[in-house]
Amino acid sequence: MYHKSEFQNMRLFLLRHGDAGFELGVTKDIERKLTEKGQGQARSVNIWLENQLSASTIRVYCSGAKRTRQTCKLAIDNLSVDEVTYHDEIYYATYKELLAFVNQISTDVEDVLLIGHNNAISDFASYILDKEVLFPTGGIIAIVFPMIDKWEDVGCGTGSEEQRYF
């Protein structure tokens with residue numbers, strides 16, 4: 001039997017981008033921008049994250065889409081961020097591909113923010129929590145892993161919901 005104290009405190013924050021609109025002349029989904037509502041959602045996430053992280057440093061992995069980049073910028077403003085990287089594969093990902101992405105994160109990283117899109121974000125959260133989770137735009141959830149200490153061990157039912165903001 002494992003005791004929680006034997007494991008590092010890995011936390012995964014999953015964030016669906018804020019509300020995005022359709023503009024004249026924008027023909028590619030990847031180029032869609034946040035609406036005013038989406039910008040407000042991202043600012044609200046920032047306040048929520050400030051309360052969750054306090055003195056912690058977070059590593060951010062973000063889809064390469066314009067709306068996720070904009071969400072990222074507003075959501076992490078003034079937070080202690082270790083590194084932000086953008087990945088087009090998150091934009092196109094299925095939940096299984098998000099799992100493979102998370103499984104390759106270094107063991108020295110404790111807090112991770114992954115910013116992506118539905119259906120993948122909802123499906124991924126549902127898979128690792130082993131319960132249905134449906135993200136609205138701008139929705140974020142904090143997931144902890146009480147029985148594992150490496151990102152490579154994240155899988156079906158390994159996570160526990162710590163808190164959500166949606």
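**Notes on the sheet and its salt bridges**

1. Let's start in the sheet: strands β2 (residues 58-63) and β4 (residues 111-116) run parallel to each other and are joined over 5 bridges. One residue pair to click on here is Val 60, whose bridge partner in β4 is Leu 113. Keep in mind while browsing that this is a predicted model.

2. Zooming out, β2 and β4 belong to an open sheet of 6 strands, ordered β3-β2-β4-β1-β5-β6, and the pairing is mixed. The edge places go to β3 (81-87) and β6 (160-165); each has a single partner strand, so one side of each has no neighbour in the sheet. On average, neighbouring strands in this sheet are turned by 15° against each other, direction ignored.

3. Now for what lies across the strands. Helix α2 (residues 66-75) lies across β1 (11-16), β2, β3 and β4, and runs at about 160° to β2.

4. On to charged pairs: the count comes to 9 salt bridges. One of them joins the side chains of Glu 162 and Arg 11, at 3.8 Å from N to O. Glu 162 sits in strand β6 and Arg 11 in strand β1, so this pair ties together parts 151 residues apart in sequence. How accessible are the two partners? Glu 162 counts as partly exposed at 40% relative accessibility, while Arg 11, at 11%, counts as buried because the cut-off for that is under 20%.

5. Helix α2 has a charged link too: Lys 66 forms a salt bridge with Glu 31, with 3.5 Å between the closest N and O atoms. Here Lys 66 in helix α2 is linked to Glu 31 in the loop between β1 and α1 (36-53), and the two are 35 residues apart. Lys 66 is partly exposed, with a relative accessible area of 30%, and Glu 31 counts as partly exposed at 36% relative accessibility.

6. Back to β2 for another pair: the side chains of Arg 59 and Asp 82 meet in a salt bridge, 2.5 Å from N to O. Since Arg 59 lies in strand β2 and Asp 82 in strand β3, the pair ties together parts that are 23 residues apart in sequence. Is Arg 59 buried or exposed? At 16% relative accessibility, Arg 59 counts as buried, whereas Asp 82 counts as partly exposed at 43%.

7. Last, a small network: Arg 11, Asp 111 and Glu 162 are joined into one by salt bridges that share partners.

Technical notes:
Residues are numbered from 1 along each chain as its sequence is written. This is a predicted model: local features need pLDDT of at least 70, side-chain atom pairs count only at pLDDT 80 or more; totals for chains, interfaces and linings use all residues. Side-chain values use heavy atoms; hydrogens and water are left out. Two strands pair if DSSP finds at least two bridges between them. Helices (H or I, at least four residues) and strands (E, at least two) are DSSP runs, numbered from the N terminus. Axes are lines fitted to C-alpha atoms, for helices over the stretch in contact, and angles run from 0 to 180 degrees between N-to-C directions. Contact means heavy atoms within 4.5 Å. A salt bridge is a side-chain nitrogen of Lys or Arg within 4 Å of a carboxyl oxygen of Asp or Glu. Buried means under 20% relative accessible area, exposed over 50%, partly exposed in between (1.4 Å probe, protein chains only).
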